[in-house]
Amino acid sequence: MEYLIGIQGQDFVLVAADNVAASSIIQMKHDYDKMFKLSEKILLLCVGEAGDTLYKMRNGYELSPSAAANFTRKNLADYLRSRTPYHVNLLLAGYDDTDGPGLFYMDYLASLAKTPFAAHGYGAFLTLSILDRYYRPDLTRDEAVDLLKKCVEELNRRFILNLPSFSVRLIDKDGVHDLEKISVGNK
Amino acid sequence: MALEEICNFVKTPSEFPSLSLEGTASSLYLTDYTFQLTNNSLLNFEIPNSALLFSENHPSSVSRPFLLTHGTTTLGFIFQGGVIAAADTRASAGGLVACPSSHKVIPIHSHLVVTSSGSSADCTLWKRILYREMRLYELRNKRRLSIRGSAKLLAFMLHPFKGTDVCVALTLCGWDRADDDREYREQPHDSSSFLACGHSSSATASDTTIRCSASPNCGPKLIFVCSDGTRLQNNVISVGSGSPYAYGILDDGLSWNLSNKEAFSLARQAVFRATHRDAYSGNNVDLFHITAEGWKQRERENLREEYYRDMERKAKEVEERKKETLLKTAT
């Protein structure tokens, strides 16, 4: 029901998540931020029963995005077989000074994949084909935001749930930047 | 399903004990349909108490040798040049590709094409039942049933099976003509004319934009009928496991004023993208174009080629962008 999306460009990663915190059928919050800053240049987006598990992952020293992703995946895998598995779907986006931008897709079964673009949630079914069609590895920042807006438009048109607004953030060599929220009113 | 069968039908359901659906279909032969045509063309006909018959013949649970799934991508949309109906050609049974070249889009008559999704066997059967009923109607009433009428007829026929395992999701894509009466009497009455296709392309380019203005009932139509009772008329319909992916492309590129070429290309793109992401859709794409003159089928295209063409196109775009930036920095 919740939606996450990430698009990697040549020297940046653009991520967006919806702002709804739901409890069964009620929207409890309309401005819930699902992105967690793991470090200066790494963002973790998660949906599911994230709860308090994320706080364990903040170790205080600089991790590269790839290392952080693998560490998180290991954590998920360990807990998967325990009596208290996490049920979270994650996108980890980051910028490494040596490797450049990276987007990692992880799901509750502890699978990990580094992909140029990814989406989580039911909304992913509707928007993956749009991403397939228009994605190019050399997207500029503006083009990536336009592609993101296209996806949000499609969700508003075909998705049965109302996702009124999305937080958007961009990560590049200068760190994490907040971009303007995308909401149904303004395009 | 020939006319003869109807005249001297004596088949007993016990001939096919395991195929309960066959038994039920046979029971449909037994009753007499009475069509009551009012001014609004309301169709009332008696459905036999087949629900009762069905439960008597049918063991409580039939075990199947494999899992039935509804993997497919079909779509249809209306634009200025008529109706486009497209579908992939993969028939899957669980994880197996049972048939890589099935026909999911089948013409019913010269101006109606049906795309199917759901269980292949059920869809084939129900398409034939629909064909038979429409032909009977035409013979009895000397005029062809409208698309909306056929959708209603199909929905009525499917209703007794609601709640059972029948899984049929058909999209009727067609063109209603205002002058069906006159045309029918003028043409020779044989089965070939009923199914006469608009293949003979003596139509010039201008003909495709003819739209009958006589009444709101004529013109292009797109109606979705499902075995759970849904009946929806719309300008864009996509059905199947690949439909969310197809909607993404269709919603983005669709407009009324597309040229024929653009519409074909959009339909192909949508099916291609859906087959790329959905495991249960794939292989080829079938495209039908329905206009006032009838339906025309485009050649079946293998989507594997399309994938490589798409990769090439993207690589070219990246190349061109690089060149542009180089030129800009140079000057």
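**Exercise 1. Work out which residues make the contact between chain B and chain A, and what area is buried there.**

Step 1: count residues in contact, meaning heavy atoms within 4.5 Å. You get 17 from chain B and 19 from chain A.

Step 2: add up the buried area (accessible area, 1.4 Å probe, that two parts lose on being put together, summed over both). That's about 1,800 Å², with carbon and sulfur atoms giving 47%.

A word on the source: this is a predicted model, where local features need pLDDT of at least 70 and side-chain atom pairs count only at pLDDT 80 or more, while totals for chains, interfaces and linings use all residues. Residues are numbered from 1 along each chain as its sequence is written, chains are lettered from A, and side-chain values use heavy atoms, leaving out hydrogens and water.

**Exercise 2. Find the salt bridges across this interface.**

Step 1: apply the rule, a side-chain nitrogen of Lys or Arg within 4 Å of a carboxyl oxygen of Asp or Glu. It finds five.

Step 2: look at one of them, where A:Arg136 meets B:Glu317 at 3.5 Å, N to O.

**Exercise 3. Put the strands of the open sheet in chain B in order.**

Step 1: list strands (DSSP runs of E, at least two residues, numbered from the N terminus) and pair those with at least two DSSP bridges between them. The five strands run S5-S6-S7-S8-S9, with antiparallel pairing.

Step 2: spot the edges. S5 (105-109) and S9 (231-233) of chain B each pair on one side only.

Step 3: zoom in on S7 (168-176) and S8 (219-226) of chain B, which eight bridges join. Here B:Gly174 stands opposite B:Lys221.

Notes: Helix = DSSP H or I, 4+ residues; strand = E, 2+ residues; numbered from the N terminus.
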